[in-house]
Amino acid sequence: MVRLNIIVEGGTSLNNVSADTANNVEALRQSLHHFFARILGREDVDIVIFMGWGCRMAAKLFLKDQSCLLYVDSDAPYADRYNWFAKLVNNDYPEKNIVIPEAQKDKVYFMVQEMEAWFLKQPDCLERWADKEGCTRRHGQEVLSEHSLIRNKNIEDIVKPSKALKDLMKHFFSKNKEVVRYGKLKTAPGLLDALDADMLITKDVELQRFKVGSPI
C-alpha cells in the first residue's frame, strides 16, 4: 500500500470553532478523500487529505513537507493558472514572500478557477445532491444545464464559480420552504459525494494530470 498525502486549500482553523463547524470541516476532508480515491481508481493507494485553510497557509504547509501534493484554487482561467505562484510574492513585503521551488511546482495542482467549478461542469450532481437532501425543485420546467449562467460556457472561464453555484442552487432548489443557500463547509461534502468522477475527469485537464502524474 502506497501513501499519498494531499494538502487541499479549504477548511478553517479548528481553534475556537463550534462543534458543527469542526464536523463540517471533517466531512469536507472525508469527501475529498473519497473523491480523489475515485479519481485515481486504485486500491493500492492510501490517500490522506490535509485541509490547508487559505492558499497561503496551504502553500506554507506544502513547503514544510514537499512529499505532499498541493491542490489549490487557481482563481484564474486555465491558461493563467501558473500566475498563482506569483501571487505568493509581494515585493512590498519580501519577508512575507512564499516561494515554491521550481522542482516542486509540478506537485501543485489547480481547481480552475475554484473547486465549485467541478460541480458546474457536472450539473447533474446538483440534482442528485438535492434529491438526497430532500430538497424541492423550483422552476420545474427549467433544465439546470440550460441556465444562462453555464449554458454553452467554458466553465473554467467563469470568474468566481462559487457565486454562480450559489445563484444556481438558490434559483433551482428549496428546502422547508426556504431557498437553498450554498455554503462550502456545509454543502460541498455532499456535492463531492454526488460527482461522477469518471465523467468529470474527461472534462478537467488538471484532474487528468493528477491521475497520470501523481508520484505513486
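In this predicted model, S162 has its place in helix α6, which covers residues 161-172. With a relative accessible area of 14%, S162 is buried, and once its neighbours within four places in sequence are left aside, the residues in contact with it are E114 and E116. The points below turn from S162 to the salt bridges, then to the pairing of helices α1 and α7, and finally to a loop residue that touches α1.

**Salt bridges across the structure**

- The structure holds 12 salt bridges, and the pairs described here are among them: R42 with D44, K121 with D204, and E206 with R209.
- As general background, side chains of opposite charge can pair when their charged atoms come close.
- Between D44 and R42, the closest N and O atoms of the salt bridge are 2.8 Å apart.
- Both partners of that pair are partly exposed, since the relative accessible area is 35% for D44 and 36% for R42, and residues count as partly exposed when they fall between the 20% and 50% limits.

**A buried pair that joins distant parts of the chain**

- The side chains of K121 and D204 meet in a salt bridge, with a distance of 2.8 Å from N to O.
- K121 lies in helix α4 (residues 116-121), whereas D204 belongs to the loop between α8 (197-201) and α9 (205-213), so this pair ties together parts that are 83 residues apart in sequence.
- K121 is buried, with a relative accessible area of 9%, and D204 is buried as well, with a relative accessible area of 2%.

**Salt bridges involving helix α9**

- E206 forms a salt bridge with R209, in which the closest N and O atoms are 2.9 Å apart.
- Both residues lie in helix α9, where they are three residues apart, or about one turn of the helix.
- E206 counts as buried at 1% relative accessibility, while R209 counts as partly exposed at 23%, because the limit for being buried is under 20% relative accessible area.
- The pairing of E206 and R209 belongs to a wider arrangement, in which R81, E206 and R209 are linked in a network of salt bridges.

**Helices α1 and α7**

- As general background, two packed helices are described by the angle between their axes and the distance between the axes.
- The axes of helix α1 (residues 19-40) and helix α7 (residues 184-194) come within 8 Å and cross at roughly 20 degrees.
- That angle makes α1 roughly parallel to α7, because angles under 35 degrees are counted in this way.
- The crossing of α1 and α7 is left-handed.
- On the side of α1, the contact is made by T21, N24, V25, A27, L28, S31, L32, F35 and R38, and on the side of α7 by L185, K186, A188, P189, L192 and D193.
- Sorted by class, the residues in the contact of α1 with α7 are nine nonpolar, three polar and three charged.

**A loop residue beside α1**

- L14 lies in the loop between β1 (2-8) and α1.
- Leaving aside its neighbours within four places in sequence, L14 is in contact with A22 and V25.
- L14 and V25 are 11 residues apart in sequence, and their C-alpha atoms are 8.4 Å apart in space.
- V25 is also one of the α1 residues that make the contact with α7.

Key. Residues are numbered from 1 along each chain as its sequence is written. This is a predicted model: local features need pLDDT of at least 70, side-chain atom pairs count only at pLDDT 80 or more; totals for chains, interfaces and linings use all residues. Side-chain values use heavy atoms; hydrogens and water are left out. A salt bridge is a side-chain nitrogen of Lys or Arg within 4 Å of a carboxyl oxygen of Asp or Glu. Buried means under 20% relative accessible area, exposed over 50%, partly exposed in between (1.4 Å probe, protein chains only). Helices (H or I, at least four residues) and strands (E, at least two) are DSSP runs, numbered from the N terminus. Axes are lines fitted to C-alpha atoms, for helices over the stretch in contact, and angles run from 0 to 180 degrees between N-to-C directions. Angles under 35 degrees count as roughly parallel, over 145 as roughly antiparallel, 65 to 115 as roughly perpendicular and the rest as oblique. A crossing is left-handed if the near helix is turned anticlockwise from the far one by less than a right angle, and right-handed if clockwise. Contact means heavy atoms within 4.5 Å. Ala, Val, Leu, Ile, Met, Phe, Trp, Tyr, Cys and Pro count as nonpolar, Asp, Glu, Lys and Arg as charged, and the others, Gly among them, as polar.
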